[in-house]
Amino acid sequence: MADAAIDLSTLSEEQQLALQQFTSVTDQDLSAAVPLLQRCEWNAQIAITRFFDGDAGTVDPLAEAAAAPPPEHQRQAENLMQSISTRRSIGERRPAGFDSAPRVVPTPESQMTQSLPFPFSILLLPVNLTYTIFQRLFGLVGYLLPIIPRTFARLWSGRASRPSRGAGRRHLTPRDTAARFMREFEEEYGVTHGTLPFHEGGYAQAFDIANRDLKFLIVAILSPEHDDNALFVRETLLSPEFIAFAKDPSNNIILWAGTIQDAEAYQVSTALKVTRLPYACLIVHTPSISSTAMSKIATSAGPVAVQDLIAKFRVAMQNQNEDLAAVRRRRQEQQATRNLRQEQESAYERSLAQDREKARKRKEEEAEREKAEREEREKAEQKADLARKLSQWKRWRVRIIAPEPSSEVKDAVRISIRLKSGERVIRRFDGQSALDDLYAFVECHDILEEVNEKETPKPEAYEHVYKFQLVSPMPREVYDIEKGGSIRERIGRSGNLIVERILDDDEEDGENDDYDGDE
């Protein structure tokens with residue numbers, strides 16, 4: 001199927017987010033992802049679970065949707081006791097030391113500030129106008145007297161508290177935020193690009209890649225406002241041991257980092273329940289909990305020696321390698337099954353296409369054969385009808401040929417004619433007769449002696465064409481009937497003529513074929 005057949009503009013924003021999450025984790029085409037999400041009531045977690053379990057075709061959406069927890073972005077009103085009991089029940093279902101690692105999508109900038117309703121905007125319109133007027137007025141005074149704003153700036157800077165988180169930082173997309181963080185990191189600590197293999201995307205993208213490819217995700221959250229931040233970066237993250245550990249392909253590590261000053265990193269720290277900075281944790285898929293669960297298997301808060309951090313991460317990774325290997329084998333088997341099914345379907349489609357092509361060619365051959373037979377039959381019918389009309393015309397024409405004049409008629413023309421059969425006929429013709437009578441005599445010579453007292457009418461819709469011409473051999477002269485004239489005017493008192501056959505196009509082709517065949 002073609003992906004172009006799916007109109008994404010008809011999907012709501014929540015459905016598009018669910019589709020993006022499903023395709024980023026499963027790496028499936030839209031043509032296969034949309035039907036599965038529709039059967040799962042657009043619940044991405046259920047669809048991903050069914051996909052990796054291999055039973056995507058047997059989905060009970062109502063039961064799964066009822067049993068599935070509500071999405072994390074929905075707000076629920078709950079009291080303190082409900083919150084404690086819920087967290088305790090969730091913690092009981094997870095193995096010891098495993099905390100849930102949620103997928104965090106940063107809130108768009110358009111949703112961070114909400115505009116007032118229209119009635120309130122009307123009520124506050126005088127206040128806004130007054131504020132704008134005074135702002136312009138004070139700006140003009142400050143431009144004319146620069147000492148006044150400088151004095152107020154010194155007084156305010158002495159009394160103002162420390163700037164809030166992210167003050168003056170522009171809200172960017174996750175990819176641009178990651179690029180800005182890496183640029184500031186390299187400028188701050190004097191390292192070149194690529195020293196640490198930071199993921200050049202958002203946390204959600206790194207999270208989905210780790211879940212899809214069964215890799216380990218290291219999340220590092222920094223804060224330039226903390227005193228331990230520089231020590232942690234220089235002695236731990238930028239140490240040769242950690243750089244080699246993060247770049248080792250056999251470790252299957254994705255490194256994502258961010259500063260608490262950015263909205264995305266701040267939301268990630270809140271979701272991961274960070275209580276102390278700088279912070280680092282190791283996230284991986286935990287199949288012992290569910291087929292899509294992602295959990296924190298190791299955490300580190302505050303400054304830590306690089307040897308201790310790497311040792312903690314290695315132990316956690318070794319504990320999960322066996323489960324991940326089993327998941328990889330299962331996914332490989334499922335992929336092999338899907339590939340085999342696709343190959344079988346492709347082979348069936350090819351065979352079906354070949355059968356269709358054979359049937360099409362057979363149908364075309366039958367149509368061509370029927371057309372040739374029909375043309376041959378029509379040609380034979382036309383030939384038979386032409387022969388019938390020719391015979392009728394000859395019987396009609398022979399009755400109106402003038403009889404041979406006697407020897408006493410002085411105006412008679414004596415003509416010797418050698419027919420096509422080689423027979424020579426000598427006959428006298430009336431000199432005033434048209435040349436057409438001479439041609440009609442030659443045409444009807446074979447039935448002149450037949451006696452038919454029944455009058456034959458002239459055939460309808462038939463115009464006779466003579467297929468021969470009368471020629472005088474010496475000197476050669478062709479007596480063309482189209483020029484008209486009487487026999488006496490054209491031939492004279494006597495003449496010696498031969499009959500030459502005139503071939504049409506079909507007869508010429510037939511004779512040429514016979515000649516080629518003789519050769």
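At what angle do helix α10 and helix α12 pack, and how far apart are their axes? In this predicted model, where residues are numbered from 1 along each chain as its sequence is written, local features need pLDDT of at least 70, side-chain atom pairs count only at pLDDT 80 or more, and totals for chains, interfaces and linings use all residues. Side-chain values use heavy atoms, with hydrogens and water left out.

Two packed helices are described by the angle between their axes and the distance between the axes. Helix α10 (residues 174-189) and helix α12 (residues 228-237) pack at about 90°, and their axes are 12 Å apart. That makes α10 roughly perpendicular to α12. Here, axes are lines fitted to C-alpha atoms, for helices over the stretch in contact, and angles run from 0 to 180 degrees between N-to-C directions. Angles of 65 to 115 degrees count as roughly perpendicular, those under 35 as roughly parallel, those over 145 as roughly antiparallel, and the rest as oblique. Helices (H or I, at least four residues) and strands (E, at least two) are DSSP runs, numbered from the N terminus.

Which residues bring α10 and α12 together? From α10, Phe185, Glu188 and Tyr189 meet Asn229, Ala230, Val233 and Arg234 of α12, where contact means heavy atoms within 4.5 Å. Four residues of this contact are nonpolar, one is polar and two are charged. In this grouping, Ala, Val, Leu, Ile, Met, Phe, Trp, Tyr, Cys and Pro count as nonpolar, Asp, Glu, Lys and Arg as charged, and the others, Gly among them, as polar.

A second helix pair is found at α1 (residues 13-26) and α2 (residues 30-39), whose axes come within 10 Å and cross at roughly 120°. The two helices are therefore oblique to each other. Ala18, Leu19, Phe22 and Thr23 in α1 meet Leu30, Ala33, Val34, Leu36 and Leu37 in α2. By class, the contact of α1 with α2 has eight nonpolar residues, one polar and no charged ones.

Now to the sheets. Strands of a sheet pair through backbone hydrogen bonds, either parallel or antiparallel; two strands count as paired if DSSP finds at least two bridges between them. One open sheet has five strands in the order β1-β5-β4-β2-β3, with mixed pairing. At its edges stand β1 (99-100) and β3 (253-259), each with a single partner strand, so one side of each is left without a neighbour in the sheet. Within this sheet, β4 (residues 279-285) and β5 (residues 294-301) pair in the antiparallel sense over seven bridges, and Ile283 stands opposite Lys296 in β5. Helix α14 (residues 263-271) packs on the sheet, touching β2 (216-222) and β3, and its direction makes about 110° with that of β3.

Another open sheet of five strands runs in the order β7-β6-β10-β8-β9, again with mixed pairing. Its edge strands are β7 and β9 (477-479), each pairing on one side only. From one strand to the next, the twist averages 35°. Strand β6 (residues 412-418) pairs with β7 in the antiparallel sense over seven bridges, with Ser416 opposite Ile426 in β7. These two strands form a hairpin with five residues between them, and Gly422 in the turn has a positive phi of about 100°. By contrast, β6 and β10 (residues 494-501) pair in the parallel sense over five bridges, and Leu497 in β10 is the bridge partner of Ile417. Helix α16 (residues 435-443) packs on the sheet, touching β6, β7, β8 (468-472), β9 and β10.
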